[in-house]
Every structure is written in C-alpha cells, then in structure tokens.
Amino acid sequence: PWRNYCYCGIRGIRGNSSMSTLPPEDTQKNLGGISSSDSGTKTPDRLCFRLPRHTPLALQKPVGASFILTIIIGVLILRGWVIEGVIIDGESMNPTLRNGQRLLVVQKHYNSDRLPRRGDIVVLRDPQKKSVVVKRVIALPGEFLVMNGQQVLIDNRALNEPYAKGEKSTYLMGRLPRGMVWVLGDNRDNSVDSRIYGPVPLSDIRGRVLFSIWPPRAIASER
C-alpha cells in the first residue's frame, strides 16, 4: 500500500532542480514514477522507502545494560574465566569505588611466574580479620618501596597516583620479599592496608576487579 512509502518531492523543471510536495491524489496518479512539467518534458520522480508499520519490536527497542552485561559474562565463561560478584562495604577505596557498589571479579591465581599488574584493583583476604577486602596493588615482588609523606616511590621513581586522596603522612621503606605485594586503599586516610599489616602473599589474592555491575562501567588499571 502507498502509505508505506514517502514521496521525496524532487522534480526537475527545465533543467533546474526544485523541491515540491505532491498532494496525495497526485501521488496516486504518478504510480509509474513519471511526472510532466509544463513544457511537456518528462522527468523521473524519486520515491524513498519507509519501513512498514509492522516493523518487529526487536528493532525498535534499545539494547539495555542488562543485555550487555549478560553478553560480557557469557564471553568470560566461554574463555574459561571464573567470575564472582562482590559488594563494597566501607570507604577505603573512595572515590574510585563507593560503599554499596557492586563489582564483577575475575578469579585469578597469582604466583611468582604470574604477577598482578601495578594499579590493579584486587580482592584479597585481610591478614588481620580474615575477611575479604578490596585494595589496589602498588608494588610488586622484589621492588624497593619508599613512602614519604604523600609520595610513593618505586625503585626511586615517583608513582603517579591520580586516584589517591588523603592527608595522612607515612614514612617507611624496604624491598618487597619474593611472592609478596604491597596493597593500599585509594582513601589513604581511611584504609587498613599494607601500611598496617605489611606485604600480602600472592596466594591471598582471590581475583581482579574487572567491571562495576552497578553503576555499570569498566574498571581500568592505573599504572
């Protein structure tokens, strides 16, 4: 039916282009796509196709965040990754991670041959409370660490930390033993971390934070 088409109204008159719109009754008279100008010259009219009214609803609905998240989880499972969900409880990673934020964690088994990357946000066992906490990896095994006030140096090079906040002054130095990493919370004034309980064994790290389920966004490593 003609209601499924729209007339573009482009007609050539005496070698010039002009824009015009035919009334519905004229449209039905020009079913062959030919119209006549006053001079008798026949020029083709142009019709453009418009989707029928029975277009499937699947093409009209936007793709939701839950659908995208399902696809991501499916791909991770197909790649053999084991994933789990965690909920942030506390302010030690503020402002990067907020209290109540839901995270998707990829389980990792780290060792001396398979190290985390500096800046990774990881889930690990708290050496004091034996609970599960979320911290950021700052220094790796064998590196020489210096914390002087608000500045962190790794092998005498200052570490750029745009994610960190806080005013608490700390001074310590030393080389990390084999198989140990140094972890800190981004909220340095309100975090119990390696400054309190020292380096953490690689075996205590359960996985790396990959994605924030809510609010939905990727979690990038800072190096």
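Analyst: A strand, as the word is used here, is a DSSP run of E that is at least two residues long, and strands are numbered from the N terminus. With that in hand, Glu 143 can be placed in the loop between strand S10 (132-139) and S11. Please keep in mind throughout that this is a predicted model.

User: Why does Glu 143 count as buried?

Analyst: Buried means under 20% relative accessible area. Glu 143 has 12% relative accessibility, which falls under that limit, and therefore Glu 143 counts as buried.

User: What is Glu 143 in contact with, leaving aside its neighbours within four places in sequence?

Analyst: Once those neighbours are set aside, Glu 143 is in contact with Arg 118, Ile 154, Asp 155, Gly 174, Arg 175 and Leu 176. In addition, the side chain of Glu 143 reaches the backbone nitrogen of Leu 140 at 2.8 Å, and a polar contact asks for N or O atoms within 3.5 Å.

User: Asp 155 is on that list, so what makes it partly exposed?

Analyst: Partly exposed is the range between the two limits, with buried under 20% and exposed over 50%. Asp 155 has 39% relative accessibility, a value that lies between these limits, so Asp 155 counts as partly exposed. Asp 155 lies in the loop between strand S12 (151-154) and S13, and although Asp 155 is not a glycine, its phi is positive, at about 50°.

User: Why is Asn 156 called exposed?

Analyst: Asn 156 has a relative accessible area of 66%, and because exposed means over 50%, the word applies. Asn 156 is also found in the loop between S12 and S13, and it too is a residue other than glycine with a positive phi, near 65°.

User: In what order do the four strands form an open sheet?

Analyst: The order is S13-S12-S11-S14, and the pairing is antiparallel. Strand S13 (157-158) and strand S14 (170-175) are the edge strands, since each of them pairs on one side only.

User: How do you know that S11 and S14 pair?

Analyst: Two strands pair if DSSP finds at least two bridges between them. Between strand S11 (residues 144-149) and S14 there are six bridges, so the condition is met, and the sense is antiparallel. As one example of residues that face each other, Val 146 stands opposite Met 173 in S14.

User: What makes strand S9 largely enclosed by the rest of the structure?

Analyst: Strand S9 (residues 121-125) has five residues and four of them are buried, so the strand is largely enclosed by the rest of the structure. S9 pairs with S10 in the antiparallel sense over five bridges, with Val 132 of S10 as the bridge partner of Arg 125. S9 also pairs with S17, again in the antiparallel sense, over three bridges, and there Ile 205 in S17 is the bridge partner of Leu 124.

User: Asp 204 and Ser 203 are both in the loop between S16 and S17, so why is Asp 204 called buried and Ser 203 exposed?

Analyst: Asp 204 has a relative accessible area of 15%, which is under 20%, so it is buried. Ser 203 has 54% relative accessibility, which is over 50%, so it counts as exposed. Not counting residues up to four places away in sequence, Asp 204 touches Val 123, Leu 124 and Arg 125.

User: Which side chains of strand S7 point to one face and are buried?

Analyst: Along strand S7 (residues 83-87) these are Glu 84 and Val 86, whereas Ile 83, Gly 85 and Ile 87 point to the other face and are not buried. Such a pattern fits a general rule, because in a regular strand the side chains alternate between the two faces of the sheet.

User: How do you know that the charged end of Arg 136 sits over the ring of Tyr 163?

Analyst: For this, CZ of Arg must be within 6 Å of the ring centre and within 35 degrees of the ring normal. The charged end of Arg 136 is 3.8 Å from the centre of the Tyr 163 ring, which satisfies the distance limit, and Arg 136 is indeed listed as sitting over that ring.

User: How many aromatic pairs does a search of the whole structure find?

Analyst: The search finds zero aromatic pairs, and such a pair would need ring centres within 6.5 Å.

Definitions and conventions:
Residues numbered from 1 in each chain as written. Predicted model: local features only at pLDDT ≥ 70, side-chain atom pairs only at ≥ 80, totals over all residues. Heavy atoms only, no water. Phe/Tyr/Trp six-rings, centres within 6.5 Å; stacked < 30°, edge-to-face > 60°. Buried < 20%, exposed > 50% of the residue type's maximum accessible area, 1.4 Å probe, protein only. Polar contact = N/O pair within 3.5 Å; in protein donor to acceptor, adjacent residues only side chain to side chain. Contact = heavy atoms within 4.5 Å.
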